[in-house]
Amino acid sequence: MGDDRFIISSVKGMMAIDSRGSPTVKAIVETKGGGIGVALAPSGASKSEKEAVELRDGGRKWRGRGVGLAIARLESEVAPRLKGADSRLQEYIDALLVEIDGTSQKKRIGGNTTTAVSIAVAKAAASTAGLQLYRYLGGAYASTLPVPLMNIINGGVHAGNELDFQEFLILPVGADSFKEALRIAVEVYWELKDLLKEKYGLNAVNVGDEGGYAPPMRRVEEALEALSRAIDRAGYALGEDFLLGLDVAASQLYDASKGVYMVEGRSLNQGELIDLYEDITRRYHIVYLEDPFHEEDFDSFKELTRKIGYRTLIVGDDLYATNPSILARGIEKKATNAVLVKVNQIGTLTETLKFIDMARMAGMRYIISHRSGDTEDPFIADLAVATGSRLIKTGAPARGERTSKYNRLLEIEEDLGPTITYPKKVI
Ligand code: PGA
Ligand code: ZN
């Protein structure tokens with residue numbers, strides 16, 4: 001006998017806007033038992049070619065970025081198939097979404113549609129069961145709060161400055177709880193603001209897409225120096241209380257016609273980049289290095305992991321695009337020792353959880369992540385705790401779409417009470 005309460009009674013789509021003003025899909029799923037799940041799809045800027053494709057209207061309105069078609073397909077094709085299904089059957093529902101779409105990159109109904117619906121179904125089931133989402137998804141294993149990888153200097157395509165690397169991250173590993181981690185990280189964020197203002201003037205503290213400052217710097221080392229000085233001035237020790245991270249987002253720097261990377265006006269080959277990474281990771285306590293090469297260059301990833309993987313997480317974001325079949329190749333090649341996880345890169349929760357399981361089985365770290373265009377939906381905070389991710393990447397402690405995740409993690413920590421752990425060891 002089934003439990004009627006979990007049966008999906010309604011599936012609706014609505015347009016919302018993301019943190020860059022772009023239209024996005026909001027899915028609303030209701031169950032017979034009165035449960036409701038609302039989810040919004042985020043959207044990247046430095047996207048991988050391998051990602052699920054967002055369905056956009058084209059044309060003049062919204063500069064082509066409208067989601068009218070995505071919502072129409074959600075209501076005419078997805079809703080009738082999901083109605084009457086048990087909301088707890090996530091795998092079945094996600095398989096239906098994949099089948100309805102019928103393309104390898106979810107082009108037809110859109111990865112934006114499938115992402116919002118898939119997450120909304122999980123939320124509706126959790127709400128019907130009267131369970132917190134992290135508990136519904138993670139069961140008894142949800143007992144670890146993640147270390148935030150805070151992106152407090154923005155560059156690349158996320159900011160209007162000349163920094164080539166996209167993200168400069170601080171990891172508050174010296175805290176005893178998530179709440180303490182947030183406090184010390186915010187103190188460093190404020191200290192950095194003072195320091196940037198003193199050195200570069202008021203314009204230097206305008207923020208980029210993920211809430212980090214976007215100072216008029218060009219050199220990577222200048223940004224790393226600023227981070228280490230801010231940590232020091234805030235009264236903390238780099239290497240003990242804080243470690244550093246970088247997302248190079250190197251696909252954006254790669255000149256395929258010449259086979260080189262453009263960094264600070266110089267063109268560097270793979271070997272020169274590896275030397276650069278070996279040097280700066282050692283000097284600046286960098287334990288996290290994401291997308292150091294372009295998204296097809298598995299061999300260079302492998303070489304760098306072999307050289308410094310024992311002390312630094314080499315993380316594949318655009319490299320894998322949260323895709324289990326691409327990860328299989330990375331595992332076979334030993335390309336990285338960590339993976340970034342973004343539900344909307346693959347488009348369903350089930351495929352995302354499969355990706356995480358594969359990474360875990362291969363001994364790789366996995367990091368739950370937001371997108372540079374995000375929304376007030378705090379979903380990834382619950383996902384991080386549910387999957388026991390030791391790290392979460394969700395921007396600076398600024399802008400509502402970033403703070404919604406931090407504030408949700410504070411709630412979860414309080415909800416879990418004394419049973420929680422905050423991992424100090426991230427590698
Ligand atoms: P995106 O950037 O959301 O613009 O892709 C985030 C990242 O590269 O990690
Ligand atoms: Zn990235």
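This report looks at ligand 1 and the two domains around it in a predicted model.

## Ground rules

Local features need pLDDT of at least 70 and side-chain atom pairs pLDDT 80 or more, while totals for chains, interfaces and linings use all residues. Residues are numbered from 1 along each chain as its sequence is written, chains are lettered from A and ligands numbered from 1 in written order, and side-chain values use heavy atoms, with hydrogens and water left out.

## Two domains

The domain assignment, automatic or from a database, gives domain 1 (4–130) and domain 2 (147–419). Their C-alpha centres lie 27 Å apart. Each domain brings 33 residues to the contact, meaning heavy atoms within 4.5 Å.

## Around the ligand

So where is ligand 1? It lies between the domains, because both domain 1 and domain 2 give residues to its shell. That shell holds 15 residues, each with a heavy atom within 4 Å; the closest are A45, H158, R371, S372 and K393. By class, the shell has 8 charged residues (Asp, Glu, Lys, Arg), 2 nonpolar ones (Ala, Val, Leu, Ile, Met, Phe, Trp, Tyr, Cys, Pro) and 5 polar ones (the others, Gly among them).

## Polar contacts

Three polar contacts (N or O pairs within 3.5 Å) are worth a look in your viewer. Oxygen atoms of ligand 1 lie 2.7 Å from a polar side-chain atom of R371, 2.9 Å from a backbone N or O atom of S46 and 3.1 Å from a side-chain N or O atom of K342.

Notes
Polar contact = N/O pair within 3.5 Å; in protein donor to acceptor, adjacent residues only side chain to side chain.
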